[in-house]
Amino acid sequence: MPFESYKTSRILVTGGAGFIGSHLCERLLAAGAEVVSADNYFTGSRRNIAHLIANPLFEAVRHDVTFPLYIEVDAIFNLACPASPIHYQRDPVQTTKTSVHGAINMLGLAKRLKARIFQASTSEVYGDPLIHPQTEDYWGNVNPIGIRSCYDEGKRCAETLFFDYWRQHGLPIKVARIFNTYGPRMQPNDGRVVSSFIVQALRGDPITVFGDGGQTRSFCYVDDLVEAIMRLMVTNEDVTGPINLGNNSEFTIRELAERVIKLTGSRSKLVFKPLPQDDPRQRQPDLSKAKATLNWEPKVALEDGLKETIAYFKHSLEIA
Ligand code: NAD
Ligand code: UDP
Ligand code: UDP
């Protein structure tokens, strides 16, 4: 399936009104595809896709993936799932259902259609990792009964389902383990570190660093991620993943706070709050597999991506 085949494809994006999903819809339309977004708007919003509605190749359907979906498409990107801890912990049972029942329904749909299906998995399958950086063959260190488990174990079970549909039914699957991604259209109140720090800095509020801020994350700009997802979907059928996608420049949370303060010119000060339960200590993707199979690597430096994201929040929050 060459990249050009997007031109002639009808594609379903679940979670299409979310942060990453809306960028993916935009990019697929630009590649010439016809795109159907299926989203229940739990954490996404119609505002994220408002600029696409007038495009005759785009359609937005209100649908919860925990229910079956009968539709005719050539390929499926399964992104539906709340992604920030405060959102996925609001209704943890629904979070697991979305990952697990959502995967079963979308895999059943793909099986009937003999369609390629992509799963947005996560670095959270590695939990609080005991090896660093994380390679795809690492099985992870996940607490099965903690407050993050609905997300982590839901995503792990979804991966199991993807690989069983592949083994049992010969379904063409593409599983990506996405590391922390940021950019325009993140929600200002989603509690994720990049959006929270930027909004706090722009408002002159204290920057809430959890723990001592020495924990690390590696932040990927959304455009780089979407490019990798687009390439992965059209790689050879034998490339199933799982494959790490992200950026491997690693920063402490404290460094991130300092950069955000510098780039916004804010007078906000850091305040230290307790570290949430099971908060991973460090995280950095090993990207060797992605680089070799997709001929891709992230291009956007943290500083540049933060500038774009700050500009977006300034505009959307109407902070001059
Ligand atoms: P998001 O919350 O902005 O997007 C998720 C979308 O899924 C939202 O539009 C939401 O309304 C929709 N949704 C939730 N439950 C649904 C349901 N039951 N039925 C239909 N739609 C539903 O989050 P995002 O950051 O864009 O994440 C997109 C995907 O990427 C998620 O699967 C997430 O787990 C994965 N991911 C994201 C990151 C990241 O750093 N942003 C990292 C790893 C994995
Ligand atoms: N499914 C769906 N759309 C389809 C086909 C199936 O939503 O076009 C759902 C259906 O609800 C089913 C699930 O996918 O429960 C799994 O389908 P599969 O064929 O694998 O299993 P079965 O139908 O035998 O339970
Ligand atoms: N974090 C923080 N202050 C905040 C929000 C998050 O210090 O206001 C920390 C959080 O404890 C974690 C890191 O930033 O160590 C990334 O958090 P996020 O929720 O963005 O992503 P995840 O933990 O899922 O990687």
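Two strands pair if DSSP finds at least two bridges between them. Helices (H or I, at least four residues) and strands (E, at least two) are themselves DSSP runs, numbered from the N terminus. Keep both rules in mind for the tour.

This is a predicted model, in which local features need pLDDT of at least 70, side-chain atom pairs count only at pLDDT 80 or more, and totals for chains, interfaces and linings use all residues. Residues are numbered from 1 along each chain as its sequence is written, while chains are lettered from A and ligands numbered from 1 in the order in which they are written.

**Stop 1: the sheet**

Select β4 (residues 75–78) and β5 (residues 116–122). These strands run parallel, joined by four bridges. Pick out Asn 78, whose bridge partner in β5 is Gln 119.

Now show the whole sheet. It is open, has seven strands and pairs in parallel, in the order β3-β2-β1-β4-β5-β6-β11. At the edges are β3 and β11 (243–245), each pairing on one side only. From one strand to the next, the twist averages 20 degrees. For this and later angles, axes are lines fitted to C-alpha atoms, for helices over the stretch in contact, and angles run from 0 to 180 degrees between N-to-C directions.

Move to β1. Five bridges pair it in the parallel sense with β2 (residues 34–39). Ile 11 has Val 35 as its bridge partner in β2. Is β1 largely enclosed or not, and why? Four of its five residues are buried, so the rest of the structure largely encloses β1. A residue is buried if 20 or more other C-beta atoms lie within 10 Å of its own, exposed if 12 or fewer, and partly exposed in between; C-beta atoms are placed from the backbone.

**Stop 2: helices on the sheet**

Return to β4 and β5, where Asn 78 pairs with Gln 119. Add helix α4 (residues 92–113), which packs on the sheet and touches β1 (10–14), β4 and β5. The direction of α4 makes about 170 degrees with that of β4. Next add α7, which also packs on the sheet, touching β4, β5, β6 (173–178) and β11. Its direction makes about 160 degrees with that of β6. Here, contact puts two C-beta atoms, placed from the backbone, within 7 Å.

**Stop 3: the core**

Which residues touch the most other members of the largest nonpolar core? They are Ile 76 and Ile 229, in a core of 82 residues. Helix α7 (residues 222–233) gives this core its largest share, eight residues. A nonpolar core is a set of buried Ala, Val, Leu, Ile, Met, Phe, Trp, Tyr and Cys residues joined through C-beta atoms within 7 Å.

Centre on Ile 76. Among the residues it touches, not counting those up to four places away in sequence, are Leu 12, Met 106 and Phe 118.

**Stop 4: the ligands**

Select ligand 1. Around it are 28 residues, and the closest are Gly 15, Gly 18, Phe 19, Thr 43 and Gly 44. A residue is near a molecule if its C-beta atom, placed from the backbone, lies within 6 Å of it. α1 (19–30) provides the largest share of this shell, three residues. By class, the shell has 13 nonpolar, 13 polar and two charged residues. Ala, Val, Leu, Ile, Met, Phe, Trp, Tyr, Cys and Pro count as nonpolar, Asp, Glu, Lys and Arg as charged, and the others, Gly among them, as polar.

Go to ligand 2. Its surroundings include Pro 68, Tyr 70, Asn 105 and Arg 112. This shell divides into five nonpolar, two polar and two charged residues.

Finish with ligand 3. Of the 16 residues around it, Arg 192, Val 193, Ser 196, Thr 208 and Phe 210 come nearest. β8 gives the most to this shell, with three residues. Seven residues of the shell are nonpolar, six polar and three charged.

**Stop 5: loops with unusual angles**

Find the bond from His 132 to Pro 133. This peptide bond is cis, with omega near -15 degrees. Pro 133 sits in the loop between β5 and α5 (149–169). Another cis peptide bond joins Gly 241 and Pro 242, with omega about 0 degrees. Pro 242 is in the loop between α7 and β11.

Select Lys 114, in the loop between α4 and β5. Though not a glycine, Lys 114 has a positive phi of about 55 degrees. Is Lys 114 buried or exposed? Lys 114 is exposed, because it has 11 other C-beta atoms within 10 Å.

Last, select Arg 185, in the loop between β7 (181–182) and α6. Its phi is positive too, about 80 degrees, although Arg 185 is not a glycine. Arg 185 counts as buried, because it has 22 C-beta neighbours inside 10 Å.
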